[in-house]
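Visitor: I am new to this structure and would like to learn how to read its features one at a time. Please give me the general idea each time, and then the case at hand.

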Amino acid sequence: MSGQNIVTPSAEGIAASVRAAKTGKGLPPVHLWNPPFCGDLDMRIARDGTWFYQGTPIGRPELVRLFSTILRKDPEGYRLVTPVEKVGIIVDDAPFVAVDFEATGTGREQVLQFETNVGDLAEAGPDHPIRVVRDAETGEPSPYVHIRADLEALIDRKSFYRLVELCVHADHEGAQWFGLWSGGAFFPVIPSAELDGG
């Protein structure tokens, strides 16, 4: 693992700390925890949402879900945080993948609710914006939706194709854009002129 200073806390030890600290059904209050940084754990989240520990995929969905609840994005990078320790991990792209969504309403009244590979739900809108990054060379879009506290989900290909079917043309910052409405907000995907061959 290049650039990582691998440390002794183990995935099992972190999982045990989280289980001991967990209260109720909600997410752990990782934003309130400020333990010392213990170094990097040999853990990586691939672009497709697969979590790896010591180079091997983590095959237990409940363990991946547990780790996902203590993930935090700090200025220094992605961290797993418990009340007693904080370790760095590698995230190849976004930490989550939006694997499905439900659309209700139409036009400006439309609401898009996304579900991630780890079971989080997020209703796109001002608090959970959608953004599309296009590769400078290929023009290939990478769409994301904000899930919580600076953590985003990459919207998977099948969901993005379904979203494109819901796109409309609208004025956005003085130009015509092809994009999506959700939660009263418009999210631009591509300038309308580029769809017309520009």
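Visitor: Which residue in β3 is the bridge partner of Tyr53?

Guide: In general, strands of a sheet pair through backbone hydrogen bonds, and they do so either parallel or antiparallel. Two strands are taken as paired if DSSP finds at least two bridges between them, while strands (E, at least two residues) and helices (H or I, at least four residues) are DSSP runs numbered from the N terminus. In this case the partner of Tyr53 is Thr56 in β3, and strand β2 (residues 51-53) is joined to β3 by two bridges, the two strands running antiparallel. Please keep in mind that this is a predicted model, in which local features need pLDDT of at least 70 and side-chain atom pairs count only at pLDDT 80 or more, whereas totals for chains, interfaces and linings use all residues. Residues are numbered from 1 along each chain as its sequence is written, and side-chain values use heavy atoms, with hydrogens and water left out.

Visitor: In what order do the six strands of the open sheet come, and which of them are edge strands?

Guide: The order is β3-β2-β1-β6-β5-β4, and the pairing in this open sheet is mixed. Its edge strands are β3 (56-57) and β4 (71-74), each of which pairs on one side only. Beyond this sheet there is more to follow, since the chain has four helices and 15 strands.

Visitor: How many residues lie between β10 and β11 in their hairpin?

Guide: There are six residues between them, and in the turn Gly139 has a positive phi of about 75°. Strand β10 (residues 130-134) runs antiparallel to β11, with five bridges joining the two. One position to look at is Arg134, which stands opposite Pro141 in β11.

Visitor: Pro141 leads me to the pockets; what is the volume of the largest pocket?

Guide: A pocket is found on a 1 Å grid over the protein atoms alone, as an open set of points where a 1.4 Å probe fits, with protein on both sides within 12 Å along at least five of seven lines; lining residues have an atom within 4 Å of a point. Grid points are joined across faces, edges and corners, and the volume is the space filled by probe spheres set on the points. Here the largest pocket has a volume of about 250 Å³. It is lined by 13 residues, and the closest to its centre are Arg47, Pro141, Pro143, Ile155 and Arg157. Two or more lining residues come from each of β11 (141-148), β12 (151-155) and α3 (157-166).

Visitor: How many salt bridges does the whole structure hold?

Guide: A salt bridge is a side-chain nitrogen of Lys or Arg within 4 Å of a carboxyl oxygen of Asp or Glu, and a search of the whole structure finds 12 of them. In one, the side chains of Arg65 and Asp120 meet at 3.2 Å, N to O. This pair links distant parts of the chain, with Arg65 in helix α2 (residues 61-69) and Asp120 in the loop between β8 (111-116) and β9 (121-123), 55 residues apart. In another, Arg131 and Glu152 have their closest N and O atoms 2.7 Å apart. Because Arg131 lies in strand β10 and Glu152 in strand β12, the pair ties together parts that are 21 residues apart in sequence. Shared partners also join Arg65, Asp120 and Arg148 into one salt-bridge network.

Visitor: Are Arg65 and Asp120 buried or exposed?

Guide: Buried means under 20% relative accessible area, exposed means over 50%, and partly exposed lies in between (1.4 Å probe, protein chains only). Arg65 counts as partly exposed because its relative accessibility is 28%, whereas Asp120, at 7%, counts as buried. In the other pair, Arg131 is partly exposed at 39%, while Glu152 is buried at 18%. For the chain as a whole, 47% of the 198 residues count as buried.

Visitor: Which residues is Thr116 in contact with?

Guide: Contact means heavy atoms within 4.5 Å. Leaving aside neighbours within four places in sequence, Thr116 is in contact with Phe96, Val97, Ala98, Val99, Ile147 and Ala153. Thr116 is found in strand β8, and it is buried, with a relative accessible area of 3%.
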